[in-house]
Amino acid sequence: MNPKSTKDFPMAGWHFDNSYAQLPEVYFTRVQPGSVRLPKLVLFNSSLAENLGLPWKDMDLSEAAFLFSGNTIPEGADPMAQAYAGHQFGHFTVLGDGRAILLGEHLGPDGKRWDIQLKGSGRTSYSRRGDGRAALGPMLREYIISEAVYALGIPTTRSLAVASTGEPVLREEELPGSVLTRVAASHIRVGTFEYAAMQQSSEILRALADYTMHRHYPDLLGGANPYRSFLEAVIERQASLVAKWLLVGFIHGVMNTDNMAISGETIDYGPCAFLDVYDPATVFSSIDRNGRYAYANQPGIVHWNLARFAECLLPLLDSDEGRAIEVAKESLALFPSLFQQYRLAGMRAKLGLFTEEPGDLALVESLLHAMNRNRSDYTNTFRDLDPERVWTTDAAWHSEWVTRLRRQEKTIDDVRRLMRLNNPVVIPRNFKVEEALVAAVSAGNNDPLNRLLAALAKPFEDGAEKQGYQEPPPEGSEGYQTFCGT
Ligand code: AMP
Ligand code: MG
C-alpha cells in the first residue's frame with residue numbers, strides 16, 4: 001500500500017555505512033522488506049535510541065510505525081539478507097536470513113557500528129518453506145529477554161522496537177504478525193564461517209575472516225599468526241559469555257552454530273528461559289527432546305561449536321593441513337580452563353569473595369549441590385544469602401562459607417555490597433513473561449509488559465518496581481515449555 005521511499009526520511013539521525021555489502025557477493029542477497037497492511041508501534045526502546053544517537057523525541061509515531069515495520073526504508077539503508085549455514089542439533093544445513101533483513105550498519109555518535117535488522121519483515125531468497133514472518137508474542141518475548149540480559153551486564157543483541165503489522169501469520173493458529181528491530185554488533189555467526197568454508201575458496205574465506213577481525217578484533221590484525229589469535233579471541237569471548245549465562249541461570253535453548261555470534265554477543269532469543277529451581281539438567285525448549293542444550297550442557301556445546309568454527313579456519317591457520325589441525329587443537333584445548341576461570345571468578349563475586357583460595361570451587365559446588373537437592377530457587381537463594389543469617393537449607397555449608405569469609409580482610413558490608421552487585425533481585429521469570437505476553441497479545445494491554453520491563457531494567461537494585469517480580473513461580477508450574485519463535 002505504501003510506496004517505498006528513501007526520500008521520506010522517517011526519523012532523522014540515521015547514519016548508515018554499509019561495509020558488509022563490500023564482501024564477495026556470495027555472502028548476501030539484496031532484498032526489500034515486504035509492505036505490511038497496518039503498521040503500529042507496540043514497543044520502542046528510547047534509551048537504546050538515545051545510545052544510537054536517534055532523535056526519538058521528535059519522532060512521529062505513524063512514521064516510526066512505517067519505519068519499524070519495513071514499510072519505509074531510511075535513507076542510506078541497503079537492505080539485504082545474509083547467507084549462512086549451520087549445525088542445527090548437530091546436523092549441517094545451509095540456511096541464511098529467512099525472515100530477517102539487514103537494513104545496514106548505523107554509526108552511533110561514538111563511532112560504534114551497529115547492524116540494524118528487521119526480523120519478521122517478509123520472505124527472502126533463503127526462506128525455504130517459511131513465510132518470512134514473525135508472530136507478535138515471540139517478538140515481544142525477544143524484546144523482553146534480550147533487554148533483561150543486557151541489563152544483567154551480559155553481551156547481547158538488543159531490541160529497538162516491535163511493530164505489529166495488522167496482518168495475521170499462520171502458525172498452529174492465526175496469530176498477529178509483527179516485526180522486531182534488532183540491533184547487534186554484527187550478525188556474523190559461526191554459521192557464516194561454515195558457509196564461507198563451504199565455498200572451497202580460501203580467498204572468499206579470508207575476505208570474511210579479515211572483515212570480521214577488522215570489525216570485532218582490530219587489535220589482532222597484523223600480528224604473527226592473526227588467524228590463530230582470532231580463533232583464540234573468539235574462544236575467550238565465548239568462554240566468558242557462557243560463564244555469564246550460567247551465573248544468572250540463563251538457558252539459551254537453541255545453541256545451533258548459526259545462533260552463535262562471532263562478536264561474543266548472545267543472539268537469537270527463541271526458546272530461551274531462566275532457571276527457577278536449580279537443576280543443572282533443566283531444559284525448557286519443546287524441541288530439545290534429548291536435552292542437548294540443557295543448562296549444564298551449555299559450556300560443552302559452546303566448545304563443540306567452537307570446534308566447528310576452528311575447522312572453518314583451518315586453511316588460514318597454516319598452509320600445511322596437519323600443522324593447521326595441531327594449531328586448532330591447541331587453541332580449542334584452552335576453552336575448558338578459560339571457562340572455569342570465568343565461572344569461578346563470577347561465583348566468587350556472587351559469594352562475596354574478594355580473594356582466591358584453592359577450596360573455593362568445592363565451596364561453590366557444595367552450595368549448588370545443596371540447592372539442587374533441596375530444589376532451591378537459584379536467583380533468590382543467592383540474593384538472600386547473608387553471613388549473619390543462617391541458610392537453614394544447609395547450615396553446615398553456611399558456617400563453612402562464613403569461616404571462608406573471615407579469612408579475607410573485608411567487612412560484612414563489603415561482602416554484602418559485592419554480592420548485591422552480582423546477584424540480581426529479578427530475572428525475567430517465565431510465568432511473569434507469559435502473563436505480560438498474554439495481556440499484550442490477547443487483550444492489547446501493555447501495562448503488565450511495561451511494568452515487567454521496568455522491573456528488569458535495573459536488576460541489581462532493590463526498589464518499588466521490583467514488587468511482585470521476585471517470587472518464584474506458583475506450585476505446579478514445573479513443566480514450563482518454550483517454543484521456537486517461528
Ligand atoms: P532460528 O531457529 O530462528 O535460528 O532459525 C533457523 C533458520 O530458519 C534461519 O535461517 C531462519 O532465517 C529460518 N526461519 C525461521 N523462521 C522462519 C520463517 N518464518 N520464515 C522463513 N525462514 C525462517
Ligand atoms: Mg537463528
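Biologist: Which residues are the closest of those that surround ligand 1?

Modeller: In this predicted model, ligand 1 is surrounded by 18 residues, and the closest are Gly96, Gly98, Asp131, Gly132 and Asn259. The shell divides into two nonpolar, eight polar and eight charged residues, with glycine counted as polar.

Biologist: What makes the approach of glycine 132 to ligand 1 a polar contact?

Modeller: A backbone N or O atom of glycine 132 lies 2.8 Å from a nitrogen atom of ligand 1, and a pair of N or O atoms within 3.5 Å counts as a polar contact, so this pair qualifies. Taken alone, ligand 1 exposes 480 Å², of which the protein buries 85%.

Biologist: What makes the pairs formed by arginine 99 and arginine 128 count as well?

Modeller: A polar side-chain atom of arginine 99 is 3.3 Å from a nitrogen atom of ligand 1, while an N or O atom in the side chain of arginine 128 is 3.3 Å from an oxygen atom of ligand 1; both pairs are therefore polar contacts under the 3.5 Å limit.

Biologist: Why are Asn259 and Asp268 called donors of the magnesium ion (ligand 2)?

Modeller: Asn259 (OD1) and Asp268 (OD) lie 1.8 to 2.1 Å from the magnesium ion, and because O atoms within 2.8 Å of this metal count as donors, both are included. Water is not among the atoms, so the site may look incomplete.

Biologist: Are asparagine 259 and aspartate 268 buried or exposed?

Modeller: Both asparagine 259 and aspartate 268 are buried, which means that each has under 20% relative accessible area.

Key:
Residues are numbered from 1 along each chain as its sequence is written. Chains are lettered from A and ligands numbered from 1 in the order in which they are written. This is a predicted model: local features need pLDDT of at least 70, side-chain atom pairs count only at pLDDT 80 or more; totals for chains, interfaces and linings use all residues. Side-chain values use heavy atoms; hydrogens and water are left out. Donors are N, O and S atoms within 2.8 Å of the metal (3.2 Å for Na, K and Ca); water is not among the atoms, so sites may look incomplete. Buried means under 20% relative accessible area, exposed over 50%, partly exposed in between (1.4 Å probe, protein chains only). A residue is near a molecule or strand if one of its heavy atoms lies within 4 Å of it. A polar contact is a pair of N or O atoms within 3.5 Å; within protein, one must be able to donate a hydrogen and the other to accept it, and residues adjacent in sequence count only if both atoms are side-chain atoms. Accessible areas come from the Shrake-Rupley method with a 1.4 Å probe; for residues, only the protein chains shown count as cover.
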